[in-house]
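These are my notebook entries on a single protein chain. I set down what I looked up, in the order in which I looked.

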Amino acid sequence: MPTQHSLQASRFELKYIVDECCAAGVRDFVRSYLEPDEYADPNKGNSYRISSLYLDNSDLFLYRQTVVGEKNRFKLRIRFYDDNPKGPAFLEIKRRVTDVILKEREKVTREGVLQLLDGKSPDRSWLMANNGDPTAGKALLNFCNLCDDIGAAGAVYVSYQREAYVSPNSNSIRVTFDRQLLGSLYEQGTPLSLPTEGASPRIGNGDNVILEMKFTDRFPMWMRDLAHAFNLSRTSVPKYVHCINTMGIRPGQLFGPEIAISQEP
């Protein structure tokens, strides 16, 4: 998976909910401009599993920022792709400043993640592939500072199957289709683990697909044509919020007694 740790360029994300028939048409359209993500598995429909541990505090501060539509907000998550204890994890700070998305990302060890979740001070030994870069560790420090500021801890796993297409030779344009969204409680003090059970939020009318079009700087004209051709209607689809709602978690419950998780279809 990508190894960058620096602040990425300003990006824009447009989200839609579509059915499988529409998703098939959109896929055919975008493949005239994009190619499958290099990590996509052709045996799984050019998709791969994404799992993220979202951090929040007991009052669900970050959840509530999204629910009320705070224009300038951020998310704290730890993204990973397998159960390999030697494999990397990625600390991500995803900020929204009005409609602009800014992301900081740091590649770290699983042991580093466990120490971070245990409240330890950040250490450069947690980094992977710093390669002598003097800016390496900046995102790690920023991540830990934000955790301290709001009292954030490991809260909920959010996972889904992603089918992704990207612009050739760059990551400036991406179109993704996300399916099989799953929310699962994180057990405090445990290593990262791929969630296999939990609550599956009902998106749209049910078995629908989350379509995202992402681009840097300028909205490609062909994306405008695509949105018009398929009559796409932009919406908000915050996966963490959907998972929290479906699991029935309320402020003050997250780190308290055992929560009875709703298993809505």
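**Entry 1: An aromatic pair**

I began with Tyr33, which counts as partly exposed because its relative accessibility is 40%. I then checked Trp222 and found it buried, with a relative accessible area of 11%. The model is a predicted one, and I read every value below with that in mind.

I searched the whole structure for aromatic pairs and obtained 10. For Tyr33 and Trp222, the ring centres are 4.5 Å apart and the planes lie at 5°, so I recorded the pair as stacked. Tyr33 belongs to the loop between α1 (20-30) and β2 (35-36), while Trp222 belongs to helix α5 (residues 221-229), so the pair ties together parts that are 189 residues apart in sequence. I followed the ring pairs further and noted a cluster that links Phe29, Tyr33, Trp222 and Phe230.

**Entry 2: Charges over rings**

I next looked for charged groups placed over aromatic rings. Arg27 lies over the face of Phe177, at 5.9 Å from the ring centre. I also found the charged end of Lys239 over the ring of Tyr160, 4.7 Å from the centre of that ring.

**Entry 3: Helix α6**

Lys239 led me to helix α6 (residues 239-247), in which 7 of the 9 residues are buried. I listed the buried ones as Lys239, Tyr240, Val241, Cys243, Ile244, Thr246 and Met247. What covers these? The cover includes β3, α2 (61-67), β7, β8 (173-185) and β9 (209-216). After α6 comes Gly248, for which I noted a positive phi, near 75°.

**Entry 4: Nonpolar cores**

Which residues touch the most other members of the largest nonpolar core? I found that they are Leu55, Leu76, Ile78, Leu116 and Phe143, in a core of 27 residues. Two or more residues each are given to this core by β3 (47-56), β4 (72-80), β5 (89-97), α3 (110-117) and α4 (138-150). The largest share is that of α4, with 6 residues.

I examined Ile78 in detail. Leaving out residues up to four places away in sequence, Ile78 touches Ser51, Ser52, Leu53, Leu55, Ala89, Phe90, Leu91, Val113, Leu117, Phe143 and Leu192. I also noted a second, separate core of 25 residues, with Ala40, Tyr63, Ile203 and Val241 among its members.

**Entry 5: Two buried positions in strands**

I located Arg105 in strand β6 (residues 100-108). Is Arg105 buried or exposed? Its relative accessible area is 4%, so I entered Arg105 as buried. I found a polar contact between the side chains of Arg105 and Tyr81, at 3.5 Å.

I located Gly154 in strand β7 (residues 153-166). Gly154 is buried as well, because its relative accessible area is 1%. Apart from neighbours within four places in sequence, Gly154 is in contact with Leu53, Tyr54, Leu55, Leu117, Tyr186, Gln188 and Phe255. I also took the C-alpha separation of Gly154 and Leu34: it is 35 Å, for residues 120 apart along the chain.

**Entry 6: Confidence**

I closed with the confidence values. The mean pLDDT of the chain is 90, and 91% of the residues reach 70 or more. Over residues 1-7 the pLDDT stays under 50, and the model has 23 contacts for them beyond four places in sequence. Residues 260-265 are also below 50, and I noted 13 contacts in the model for this stretch beyond near neighbours in sequence.

Note on methods:
Residues are numbered from 1 along each chain as its sequence is written. This is a predicted model: local features need pLDDT of at least 70, side-chain atom pairs count only at pLDDT 80 or more; totals for chains, interfaces and linings use all residues. Side-chain values use heavy atoms; hydrogens and water are left out. A nonpolar core is a set of buried Ala, Val, Leu, Ile, Met, Phe, Trp, Tyr and Cys residues joined through side-chain atoms within 4.5 Å. Buried means under 20% relative accessible area, exposed over 50%, partly exposed in between (1.4 Å probe, protein chains only). Helices (H or I, at least four residues) and strands (E, at least two) are DSSP runs, numbered from the N terminus. Contact means heavy atoms within 4.5 Å. Rings of Phe, Tyr and Trp (its six-membered ring) pair if their centres lie within 6.5 Å; planes under 30 degrees apart count as stacked, over 60 as edge-to-face and the rest as tilted. A charge sits over a ring if NZ of Lys or CZ of Arg is within 6 Å of the ring centre and within 35 degrees of the ring normal. pLDDT is the predictor's confidence in each residue, from 0 to 100. A polar contact is a pair of N or O atoms within 3.5 Å; within protein, one must be able to donate a hydrogen and the other to accept it, and residues adjacent in sequence count only if both atoms are side-chain atoms.
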